[in-house]
Structures are given as structure tokens and as C-alpha cells.
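Here are a few exercises to work through with the model open beside you. Try each task before you read its solution.

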Amino acid sequence: MRVLMVTWGWRTHFLPLAPLGWALRAAGHDVRVACQPGQVAAVTEAGLPAVPVGPPLGFADVFRGQVGKVASREAFDTGTDLDGLAPQVTEDGGTLRFADVMVDDLITYGRHYRPDLVLYEPFNIAGAIAAAALGVPDVRLLWGPDSTTELHLDEDKLIGPRARRAGASGVRITGTLTLDPCPAALQVPVTGPTHPIRFVPYNGAAILPDWLRHPPDRPRICLTWGTMMAELGLTDRISVTTIADALSELDAEIVLALAPRHRDTLGPLPANVRVPTEHLALHLLLPGCAAVVHQGGAGTLMTAMACGVPQMVVPAVTDQHFNGERLTRAGAGTVLADGDEHPAAIRAALQRLLTDPGPAAALAVENAARPTPAAVVPVLEDLAATGRRDFIPGGTP
């Protein structure tokens, strides 16, 4: 079959799609990845063919100033004072801007390529519209906990006009089928038919450095802040140096896995803090770590989950708060609360994680028991064979 993957906006949006793309290729299927021009390098580095669609649109330029802290669904349900923190997709928001610049080229290419299936990640409105316009089944692959359930989206106002312009009907941003990589304890109820899939960590092309070829002689703690936060300038809640200094008081090796923009701003650091200068893929680093401290992005959260590593989340914006809440509910991590950005609180939170790694290890065991991407390929073959967008595969739980 021919599978058109669609990804948008940022390289880390694509990375969770790559293992399924490999599985499809290994099974003999043709895979193309339609993406923004700025994502081409990430796609081709993963060994998959990229199809640039739409004019370039800088993710940081679009989203800078548009993201912030949001309230959880629990806050809405309980009537908690939200202070205007409702998460939503708006007409002038970045999600729709990316959809608008991609969708025409995407449909035009789709009519040439004639895919049997369209596969995309969350918030990919262009992918959903294109699948409807082409009249083929579509599959959504979640990044992790489904934060779209927290989202207000007026489909009639925002999706309807775009779908009609594309000659599409029956657009669903949840797809014909959702592939869910999340252990049950981390997930929320997901809309529509779902099928489980194992989360296979992939953080981009990487080289294993010499110092990672042997186990550490004391507990290793990873401190990472993701790439998006640096690009958006959203690093003002607490500095990396403050956290590193606090953790350096522990008898541990602290590894700062940071984007160049973060590394360049660091001052003097304690002797037990390592700052690698090479690109350091988390799927290579985290298996040897006793804990990880991060901002709460889905890629880091799920990579740490698959590696069985306890996590401390220091959220600043949107889905980071949501992910931190889900992690805490699963017992596999903790969230650094507002007001606790001082060394003693940071160390105490980490020490509690180090004494109880069991829940994090249990999530990794559950993830490993889920169907691999290769095992999910027959489900997608069955779905594509019907050509029906209302078909529920027989293997769907």
C-alpha cells in the first residue's frame, strides 16, 4: 500500500512517527512524509523520503507569545477559577496557520500520489482535511497523553470552512483510528476507535559518545529542557543553572542535555555536572539514568517512560502542565510546584524519586508489552484494504 505520513511545524512532531514509518517500509509498503520545508532534514535523517508542502513557516516565529500556562480539564469540570487559561484553537492561532499553508499543496500531491492511507500526529488539521478530500482512511498517532482532550476547538467555525474549500466532508481531527502509545495509567479517555502501539523512542540521528559506553560509577541524573523552549524563549520560570547547582549537592553525576542556545548561556558549574557538546539523543542517555528533570514535553516524557526512568517535571506552558499531571497520577514522577524553585525543594523532590523507582519501571514494562509498530502494520493494512473512513478494524479493543 501507499502511506502518506503528514507532519507539521517542528522536528519533534515528526520523531514519534519515524518508527512506524520504518515498520511500514520493512513490510514492503511505500511511505512518503509530507512536511513543512523546515522539517525536511529531520525526515531524511530518519531514512524516510520527505515531500515539502507549503511555503516555509517558522515554528518559533508563529508560536512565540501564543503559548502559556493553561488550566486542566479537571479545573473546568470542578469550576475552579481559570483566570483565562482555557486551552483552545483560534482562528489566528499557530495550529491553523500551519494547516492553511500546507493543505493545498498536500491535497494536490495526494491526488498525484493516491495514498491508501493518511497517517499524522495530533493537532494536524491539514492531514485530517487532506484525508477527507482524498476519501481515504486516516490514522492519528498520539505523542503521549492525549492533550487534545483538554482543547476547545469549534469545528463548525474553524474546520468547516477549510474543509468545504478543499471539497472535503466528514473531517475528524481524531482520524478513523487513533494509535495510542500510552500506558493506561498515563492516558485519559481518548475519543473514537483506538489501538495500542508500543512507544519506540527515537530522538533523531545520534552518535554514542565514549563516556556513555560504560555504566556510571554513581547515579546519573539527566537535566534537559527540550529544543522548543529555548527557541520560544520560554526559560524564565527557573534557570537550568539553578537546578544544576541544586542537584550538584547530591552524590550523583548530573548530565545537562541541552540545546546549543542553552549551553551558550551557562556560567561556571560544579565538578559533577557534565555538559556534553555533541548532540545527545535521550534514547541513548536515559537507559543509564536514575532520574530525569525536564520541562514536560511529550517526547521527553514518553522516552523516559519507555526507559523506566523516574521524572521530575518543571512545567511552564500548555501541554507540559497536562503531562506533568498525568505523570503524577501514574505515580512515576512529580511536578515541581510553583514556589518550590529553591535548591532544598528541588533536591528533596529528586531524592523522593530516587527512593521509589518502582512505578516508573512498571510503566516501562507495560509499554514493552504493547504491540510493536511492526505488529500494528497488519491493522493498517486491513484498514487501507477497506478504503472506508467509517471502518473500525477488527483488532480494535
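**Exercise 1. Find the element that holds Thr 178, and describe the surroundings of this residue.**

Step 1: Thr 178 lies in strand β6, residues 177-180 (strands are DSSP runs of E with at least two residues, helices runs of H or I with at least four, numbered from the N terminus). This is a predicted model, where local features need pLDDT of at least 70 and side-chain atom pairs count only at pLDDT 80 or more, while totals for chains, interfaces and linings use all residues. Residues are numbered from 1 along each chain as its sequence is written, and side-chain values use heavy atoms, with hydrogens and water left out.

Step 2: Thr 178 counts as buried because its relative accessibility is 0% (buried is under 20% relative accessible area, exposed over 50%, partly exposed in between, with a 1.4 Å probe and protein chains only).

Step 3: Leaving aside residues up to four places away in sequence, Thr 178 touches Arg 140, Leu 142, Val 190, Thr 191, Pro 193, Thr 194 and His 195 (contact means heavy atoms within 4.5 Å).

Step 4: The side chain of Thr 178 also reaches the backbone oxygen of Thr 174, at 3.0 Å.

**Exercise 2. Work out which residues of β5 are buried on each side, and which residue stands opposite Arg 140.**

Step 1: In β5 (residues 138-141), Asp 138 and Arg 140 are buried on one side, and Val 139 and Leu 141 are buried on the other.

Step 2: Strand β4 (residues 117-120) runs parallel to β5, joined by three bridges (strands pair if DSSP finds at least two bridges between them).

Step 3: The residue opposite Arg 140 is Tyr 120.

**Exercise 3. Give the strand order of the open six-stranded sheet, and explain its edges.**

Step 1: The order is β10-β9-β8-β11-β12-β13, with parallel pairing.

Step 2: β10 (273-274) and β13 (333-335) each have a single partner strand, so one side of each lacks a neighbour in the sheet.

Step 3: Within this sheet, β8 (residues 220-224) and β9 (residues 253-257) share five bridges, and Ile 221 has Ile 254 as its bridge partner in β9.

**Exercise 4. Describe how α10 meets α15.**

Step 1: Helix α10 (residues 240-247) packs against α15 at about 65 degrees, with the axes 9 Å apart (axes are lines fitted to C-alpha atoms, for helices over the stretch in contact, and angles run from 0 to 180 degrees between N-to-C directions).

Step 2: Ile 243, Ala 246 and Leu 247 of α10 meet Pro 343, Ile 346, Arg 347 and Leu 350 of α15.

Methods. A polar contact is a pair of N or O atoms within 3.5 Å; within protein, one must be able to donate a hydrogen and the other to accept it, and residues adjacent in sequence count only if both atoms are side-chain atoms.
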